[in-house]
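The following exercises concern aromatic pairing, solvent accessibility and contacts. Please work through each task before reading its solution.

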Amino acid sequence: AGPVASIRVCRDVVTKRSLATPTSIFNKLLDAERALDTMNYELIKGRPMRLMWSQRDPSLRKSGVGNVFIKNLDKSIDNKSLYDTFSVFGNILSCKVAHDERNNSKGYGFVHFETQ
């Protein structure tokens, strides 16, 4: 990717425990784009990273615009294959397959597109 200006780990306000959602700020837009293209879904300690652009406007995050629910997913479908399958339909802001506490797929997921 490129040089990172800062990294912040989000924490629970009450317990101060990590929410496992760090925010990275890159010096250059090109470096952030390269990180998204090359590092999304890479494994860290056996779990895939999910990289996405930060959306600071809460009304846009909560509006549901562009958010698609997909059900009846085969148990073999992971975040990356869901992303790869749906990326032909538009720019994806985030993509996730739901898992239970044992990390088994629940058979559904979400794809959040930039636009409708």
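The model is predicted: local features need pLDDT of at least 70, side-chain atom pairs count only at pLDDT 80 or more, and totals for chains, interfaces and linings use all residues. Residues are numbered from 1 along each chain as its sequence is written, and side-chain values use heavy atoms, with hydrogens and water left out.

**Exercise 1.** Determine how many aromatic pairs there are, and classify the pair of F86 and F89.

Solution. Rings of Phe, Tyr and Trp (its six-membered ring) pair if their centres lie within 6.5 Å; planes under 30 degrees apart count as stacked, over 60 as edge-to-face and the rest as tilted. The count under this rule is 5 aromatic pairs. For F86 and F89, the ring centres are 6.1 Å apart and the planes stand at 50 degrees, so this pair is tilted.

**Exercise 2.** Classify the pair of Y108 and F110, and state which cluster contains both residues.

Solution. The centres of Y108 and F110 are 6.0 Å apart with 90 degrees between the planes, which makes the pair edge-to-face. Together with F69, Y108 and F110 form one aromatic cluster.

**Exercise 3.** Locate G2 relative to β1, and list its contacts beyond four places in sequence.

Solution. Strands (E, at least two residues) are DSSP runs, numbered from the N terminus. G2 lies in the segment preceding β1 (4-11). With contact meaning heavy atoms within 4.5 Å, and neighbours within four places in sequence left aside, G2 touches F26, D31 and R34. The C-alpha atoms of G2 and A32 are 7.6 Å apart, although 30 residues separate the two in sequence.
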